Amino acid sequence: MPRPILATIHPQALRHNLEQVRKAAPDAKLMCMVKANAYGHGLEHAFAGLRAADGFAVLEIAEAQRLRAMDWRGPILLIEGVFEPRDLEMCSRLGLWHTVHCDRQIDWLAAHKTQVPHRVFLKMNSGMNRLGFTPERFRSAYARLNALTQVEEISFITHFSDADGPRGTAHQRAVFERATHDLPGERTLCNSAASLLEASDEHLRGDWVRPGIVLFGSSPDYPAHTAQQWNLQPAMTLSAQVIGTQQLQAGDTVGYGSTFTATGPMHIGVVSCGYADGYPRLCGTDTPVLVNGVRTRLLGRVSMDMLCVDLMPVPGAGLGSEVVLWGKSPRTGATLSIDEVAAAAGTVGYELMCAVAARVPMVNDEEATPRK
């Protein structure tokens with residue numbers, strides 16, 4: 001019998017979340033971010049819920065190949081561009097768009113022999129200080145690209161560092177506008193946070209918005225807004241079962257390091273999930289979990305393959321009881337946001353999604369068989 005742990009992907013939730021972005025950013029085209037194996041959800045599973053997208057953005061050519069294998073014929077953008085000259089051959093073959101963020105990538109394009117001119121997205125470093133041309137060098141990079149016969153169309157892209165925080169986007173927007181205001185071409189600025197918070201501003205919205213984390217049911221600005229406040233649904237449920245129980249008395253401790261001590265009689269459950277499954281080891285006592293759809297808490301330290309939960313709020317819970325680590329209880333429909341669990345570990349929902357281990361079976365709840 002397989003160990004009782006499962007990651008269930010919900011395509012209907014993906015469709016719902018995509019629609020929320022469309023409502024927030026009317027008239028913009030949606031380029032869905034599905035890098036990192038669709039944020040840990042499995043690219044094939046996510047595609048089942050995101051077919052209504054106008055385009056997809058990925059990190060690696062292998063991800064683009066998987067999308068083409070699923071018969072996606074629309075736009076695919078390599079969000080960091082190509083990593084070596086021969087990648088341009090695959091761009092020509094697969095019809096990929098690609099970001100250009102440095103002189104070396106322009107040099108490679110200039111030397112590339114192709115019968116199919118490329119569409120590129122020229123990236124500006126407007127203040128994030130990761131990839132992209134500085135505003136002072138942006139127009140010269142544009143002039144170089146515009147002179148190449150290998151380039152058919154140039155669009156413009158930047159990335160916000162503070163769309164989810166008090167600093168906001170105004171400083172980067174101003175830099176971007178000064179450098180691009182008179183250049184022809186489509187523009188894309190908004191990530192998930194900006195797509196929800198500011199995309200009602202037509203000037204900021206641009207031609208494309210690039211939702212990522214919001215598609216998967218995590219709030220882009222938690223805790224300022226919860227997923228529920230944004231009307232988002234969890235796209236993944238990580239579930240397990242109670243595989244053992246213990247009766248504690250006052251003074252008994254739980255787990256490595258004895259970090260939890262019972263103050264009186266307690267009924268606790270041992271759950272088939274641990275940090276080797278991708279559940280954060282830094283989660284400690286009081287991290288929320290659902291048992292049989294009832295909210296309760298984790299006790300003590302997370303082990304490699306197990307964790308312990310408080311069964312006192314869940315009358316009748318015992319061996320075989322359903323445990324939802326994040327997501328939606330199929331038993332009651334109760335939800336536990338991944339953002340709450342991430343906050344307990346001092347991190348963000350992105351990391352938890354991407355960290356689900358390969359040993360955890362993953363299933364699309366609209367299909368009959370598991371698939372990675």
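**View 1. C190, a buried cysteine outside any disulfide.** C190 counts as buried because its relative accessible area is 0% (buried is under 20% relative accessible area, exposed is over 50%, and partly exposed falls in between, with a 1.4 Å probe and protein chains only). C190 takes part in no disulfide, and its nearest cysteine sulfur, in C32, is 14 Å away. A disulfide here is a pair of cysteine sulfur atoms within 2.5 Å, and a search of the whole structure turns up 0 of them. C102 is also in no disulfide, with the sulfur of C91 as its nearest cysteine sulfur at 14 Å. With a relative accessible area of 21%, C102 is partly exposed.

Before the next views, a quick note on the model. This is a predicted model, where local features need pLDDT of at least 70 and side-chain atom pairs count only at pLDDT 80 or more, while totals for chains, interfaces and linings use all residues. Residues are numbered from 1 along each chain as its sequence is written, and side-chain values use heavy atoms, with hydrogens and water left out.

**View 2. The largest pocket, lined by 37 residues.** Y39, H159, N191, I213 and Y350 are the lining residues nearest the centre of this pocket. Its space comes to about 760 Å³. For pockets and cavities alike, a 1 Å grid is laid over the protein atoms alone: a cavity is a set of points where a 1.4 Å probe fits but cannot get out, a pocket is an open set with protein on both sides within 12 Å along at least five of seven lines, and lining residues have an atom within 4 Å of a point. Grid points are joined across faces, edges and corners, and a volume is the space filled by probe spheres set on the points. At least two lining residues come from each of α2 (35-39), α9 (192-197), α11 (338-344) and α12 (349-355); helices (H or I, at least four residues) and strands (E, at least two) are DSSP runs numbered from the N terminus. α11 gives the largest share, 3 residues. Sorted by class, the lining has 19 nonpolar, 9 polar and 9 charged residues, with Ala, Val, Leu, Ile, Met, Phe, Trp, Tyr, Cys and Pro as nonpolar, Asp, Glu, Lys and Arg as charged, and the others, Gly among them, as polar.

**View 3. The second largest pocket, with about 370 Å³ of space.** This one has 18 lining residues, and L232, Q233, P234, T335 and L336 lie nearest its centre. The elements giving two or more residues to that lining are α1 (11-24) and β18 (335-336). The class split is 6 nonpolar, 9 polar and 3 charged.

**View 4. The largest cavity, with about 70 Å³ of space.** The structure holds 3 cavities of 30 Å³ or more. Residues lining the largest cavity include H41, F216, P234, W326, L336 and M353. Its lining has 8 nonpolar and 4 polar residues, and no charged ones.

**View 5. Y279 and W326, a stacked aromatic pair.** The ring centres are 6.3 Å apart and the planes meet at 15°, so the pair is stacked. Rings of Phe, Tyr and Trp (its six-membered ring) pair if their centres lie within 6.5 Å, with planes under 30 degrees apart called stacked, over 60 edge-to-face and the rest tilted. Y279 is in the loop between β13 (266-271) and β14 (288-291), and W326 is in strand β17 (residues 322-328), 47 residues apart. Both Y279 and W326 are buried. The whole structure has 10 aromatic pairs, and Y39, F216 and Y350 make up one aromatic cluster.

**View 6. R119 over the ring of W97.** The charged end of R119 is 4.0 Å from the centre of the W97 ring. To qualify, NZ of Lys or CZ of Arg has to be within 6 Å of the ring centre and within 35 degrees of the ring normal.

**View 7. Backbone oddities at Y222, P223, N37 and N292.** Most residues other than glycine have a negative phi, and most peptide bonds are trans. Y222 and P223 are joined by a cis peptide bond, with omega about 10°; P223 is in the loop between β9 (208-209) and β10 (236-248). N37 has a positive phi near 55° and lies in helix α2. N292 has a positive phi of about 50° and sits in the loop between β14 and β15 (294-299). N37 is partly exposed at 27% relative accessibility, whereas N292 is buried at 15%.
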